[in-house]
Amino acid sequence: MKAVLLGATSGMGRALARLLAERGESLFLLGIPADDLLRSAKDLEVRGAAQVGFQVCDLLDPTSFAGALKLADDALGGFDTVVVSAGLFGSQERLESDPEFAARLLAANFTNTVLFCEEARKRMLPRGGGTLCVFSSVAGERGRKPVILYGSAKAGLTRYLEGLDHKFRSQGLVTITVKPGFVKTAMTEGLRPPPFAGEPEGVARQVLRAIDRRTPVVYAPPMWALVMLVIRNLPRFVMRRIGF
């Protein structure tokens, strides 16, 4: 595997990158800042990656996408896998009171992630496809009071990824949508975890299996598939009354 990873310096992305390194895969890291990329690259080399490169690429700056992916392509001799785990999170209360941050979050989690995926798609399709694995969220499954803005961005991203898989899988591009529930990472620090909260390492193992098996949708931890099945089928008047 020759994999490009955007957002692999922390959390679930880092855990997945480490699993790939331990399998001896060739990796190219994208993200910010440069110091974090360098530290992560050294860590992955020690863990057994066949090759590790990196380049600064800011999800909030779409002009950086094409150049960064070209560098990754050149360094790896043509990548066949792209993993996007980068994104922003903020509470509904903060997003309602901070329009500037809300604009950044909506851009990062939907518009710019889509633009990055489009750049990757344009590179992979002409050479027979590959795997595009992108982290969305269960927050996009249903309109919910605690995650109105964050969830709306993830809902749009989920629908985009589903459409990609429908249109391009026959041409060799496998699209995998990862829908994490509550996972104990820096992003969720300070929030009270539910009883079935996940760990980054467990989610990473699930995602790696999905990549190997070309599974289109992954709920992580798996319990969230059942939770969201219930939530999707609750009547609207019930959703108005509950805080979930």
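This report walks through a predicted model of one protein chain, from its overall build down to one helix and two residues.

## The chain as a whole

Start with the fold's inventory: the chain holds nine helices and seven strands. Its C-alpha trace spans about 55 × 40 × 35 Å along the principal axes. For 244 residues, a compact globule would come in with a radius of gyration near 18 Å, and the chain has 17 Å, so the two agree.

Buried residues account for 49% of the 244 in the chain. As for how the sequence folds back on itself, take the contacts between residues at least 6 apart in sequence: 70% of them join residues at least 24 apart.

## Surface and charge

The chain's accessible surface adds up to about 11,300 Å², and carbon and sulfur atoms own 55% of that. On the charge side, there are 32 positive and 24 negative charges, and the mean positions of the two sets sit 8 Å apart.

## Helix 6

Helix 6 covers residues 148-168, which makes 21 residues. From its first C-alpha to its last it reaches 30 Å, close to the 30 Å expected at 1.5 Å a residue.

Which residues of helix 6 are buried? The list is Tyr150, Gly151, Ala153, Lys154, Leu157, Thr158, Tyr160, Leu161, Leu164, Asp165 and Phe168. Lys154 and Asp165 are worth picking out if you care about charges, since Lys counts as positive and Asp as negative, and both are on that buried list. The packing partners of these buried residues are two helices, helix 4 (92-97) and helix 5 (99-124), plus two strands, strand 5 (130-135) and strand 6 (173-180).

## Ser26, in a strand

Ser26 belongs to strand 2, which runs over residues 26-31. Is Ser26 buried or exposed? Its relative accessible area is 12%, so it counts as buried, the cut-off being under 20%.

Leaving aside residues up to four places away in sequence, Ser26 touches Met1, Lys2 and Ala3, along with Ala50, Gln51 and Leu76.

## Gly243, after the last listed helix

Gly243 lies in the segment that follows helix 9 (236-241). Here the relative accessibility is 57%, and because exposed means over 50%, Gly243 counts as exposed.

With residues up to four places away in sequence set aside, Gly243 touches Lys145 and Pro146. How far apart are Gly243 and Gly7 in space? Their C-alpha atoms are 30 Å apart, with the two positions 236 residues apart in sequence numbering.

How values were computed: Residues are numbered from 1 along each chain as its sequence is written. This is a predicted model: local features need pLDDT of at least 70, side-chain atom pairs count only at pLDDT 80 or more; totals for chains, interfaces and linings use all residues. Side-chain values use heavy atoms; hydrogens and water are left out. Helices (H or I, at least four residues) and strands (E, at least two) are DSSP runs, numbered from the N terminus. Buried means under 20% relative accessible area, exposed over 50%, partly exposed in between (1.4 Å probe, protein chains only). Contact means heavy atoms within 4.5 Å. The radius of gyration is taken over C-alpha atoms; the globule rule is 2.2 Å times the number of residues to the power 0.38. Accessible areas come from the Shrake-Rupley method with a 1.4 Å probe; for residues, only the protein chains shown count as cover. The place of a charge is taken as NZ of Lys, CZ of Arg, CG of Asp or CD of Glu. The expected span of a helix is 1.5 Å times one less than its number of residues.
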